[in-house]
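Please open the model in the viewer and keep the sequence panel visible. The tour below proceeds by selection, from a single residue to the whole chain and its surface.

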Amino acid sequence: MTSRKLSGDDNPVHRAADKVGEKMPTDSKNPSILSSGGAIGKQFNPDGSIGQIGEKIGGPFSSKGAIGSQFDAAGGGIAGTVEKAVDGPSQKKGAEVKPGDK
């Protein structure tokens, strides 16, 4: 079994998120509830109710840690992929973002 590097255009999840995000209307005044500015998504920000827990624990769970950084909507981790799919305010259209980038 060989391993595949699944980043950028090679990742089918990222490709799907890009396609869906292109069809979503961009409206910073009325963001999707899942985006970093929405009712659910903002809870995962470092100052949100869920994000604060990781900040208090620290280490890999902080916003700069290996796990916590995956919840940075401007990056290319879990939250960045969701942000692309819902065309959230932390992603720029057409910009390739890699995990850990801001």
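Begin by selecting Ser-35 in this predicted model. Ser-35 counts as buried because its relative accessibility is 0%, and buried means under 20%. Ser-35 lies in the loop that joins helix H1 (12-23) to helix H2 (51-57). Next, display the side chain of Ser-35 and look for the backbone oxygen of Ser-32, which that side chain reaches at 3.0 Å.

Now select Leu-34. Is Leu-34 buried, partly exposed or exposed? Leu-34 has a relative accessible area of 44% and is therefore partly exposed, since that class falls between 20% and 50%. Leu-34 is also located in the loop between H1 and H2.

Keep Leu-34 selected and add Ile-33, Ile-40, Phe-44, Ile-50, Ile-53, Ile-57, Phe-61, Ile-67, Phe-71, Ile-78 and Val-82; together with Leu-34, these residues make a nonpolar surface patch of about 1100 Å². Two elements, H2 and helix H3 (78-85), each give two or more residues to this patch.

Finally, clear the selection and show the whole chain as a cartoon. Three helices and zero strands are present, in the order α-α-α from the N terminus. Of the 102 residues in the chain, 31% are buried. Among contacts with a separation of 6 or more, 37% come from residues 24 or more positions apart. Switching to a surface display shows the accessible surface of the chain, about 6900 Å², of which carbon and sulfur atoms hold 58%.

Methods
Residues numbered from 1 in each chain as written. Predicted model: local features only at pLDDT ≥ 70, side-chain atom pairs only at ≥ 80, totals over all residues. Heavy atoms only, no water. Helix = DSSP H or I, 4+ residues; strand = E, 2+ residues; numbered from the N terminus. Buried < 20%, exposed > 50% of the residue type's maximum accessible area, 1.4 Å probe, protein only. Polar contact = N/O pair within 3.5 Å; in protein donor to acceptor, adjacent residues only side chain to side chain. Contact = heavy atoms within 4.5 Å. Areas by Shrake-Rupley, 256 points an atom, 1.4 Å probe, with all protein chains shown as cover. Patch = residues over 30% accessible without salt bridge, like charges linked within 9 Å, V, L, I, M, F, W, Y side chains within 5 Å. Salt bridge = Lys/Arg side-chain N within 4 Å of Asp/Glu carboxyl O.
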